Amino acid sequence: MDDLLIVLSNPRDGRHAEFNDWYSHIHVRDVMRLPGSSAVQRLRRVEVAGVETDPSFDYLAVYECQDIERLSAGHGAVFTPMMLISDSFDFAMREAYYRPHVHRQVAGVAIHEGDYVIERIGADAGPELVAWYDAMRMPALMALPGVVSGTFASVAPHQMLAPHADSHHVGLYRTQDLAATMAGWSKAPALPAEISARLACYTPLIPRWTATDVVHPSAEGRLAEARARVALGDRVHAGFPPELRLS
């Protein structure tokens, strides 16, 4: 399986419409044009009745990457006309490359359709977590109603930005029945109480796009990007804030 670039983010000052127009029609297309990119999907956070989830980030972007070092090098164009960053984007985000330890999927189903459940696990989890998660927790979660694929991954050695300690590992599950999946979630073997973990659910904003979909867009896609670039204008960030640590 490809490595992953996972970005959890929010707009500044509640500027959701402006943020989503830039992110969906400009930014993900700019990233997909870079060498090393494979596919991407953007999603928005949803609540599930009776389930306590983390409300910290309203949006999730999952990038599939064939070569994270080449993709990072391509990001050298950030803040230039090749990769404009809307000033509606809040840099208080979580962004990291992840290398999968294990990926499982249900045969004969469309694994690229449906909602995502993501659990972020802190750096306080030791190396023994990987073997335990693969043997105990993941099989139980994969057996839940609606779940069609699951990936457990840890931060990759190469990074663009310094990863946050609360997101050192991720479990990422695709489900085609979110309510049924979450109804059974707590029945899986629990993470040890001393390990910090955050759970959230997301539903698609855009379909999963491959690099080919972006490099050879439909007429509708070309028009949406052109319109969004005009709307963005010069309302862009000039650079990273000083508090953001580069890796």
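**Exercise 1. Work out which residues of α6 are buried, and where they sit around the helix.**

Step 1. Buried residues in α6 include Gly221, Ala224, Glu225, Ala228 and Leu232; buried means under 20% relative accessible area, exposed over 50%, and partly exposed in between (1.4 Å probe, protein chains only).

Step 2. These residues lie on the same side of α6, because they cover an arc of only 95 degrees around the axis. The arc is that of the directions from the helix axis to the C-beta atoms.

Step 3. Turn to the other side of α6, and you meet Ala219, Leu223 and Val230, which are exposed.

Step 4. Part of the cover over the buried residues of α6 comes from α1 (16–32).

A word on the model: it is predicted, so local features need pLDDT of at least 70 and side-chain atom pairs count only at pLDDT 80 or more, while totals for chains, interfaces and linings use all residues. Residues are numbered from 1 along each chain as its sequence is written, and side-chain values use heavy atoms, leaving out hydrogens and water.

**Exercise 2. Describe the surroundings of Ser86.**

Step 1. Find Ser86 in the loop between α2 (68–74) and β4 (94–105); helices (H or I, at least four residues) and strands (E, at least two) are DSSP runs, numbered from the N terminus.

Step 2. Ser86 counts as buried because its relative accessibility is 0%.

Step 3. Leaving aside residues up to four places away in sequence, Ser86 touches Glu18, Trp22, Leu232, Arg235, Val236 and His237, where contact means heavy atoms within 4.5 Å.

Step 4. For Ser86 and Phe19, 67 residues apart along the chain, the C-alpha separation is 7.1 Å.
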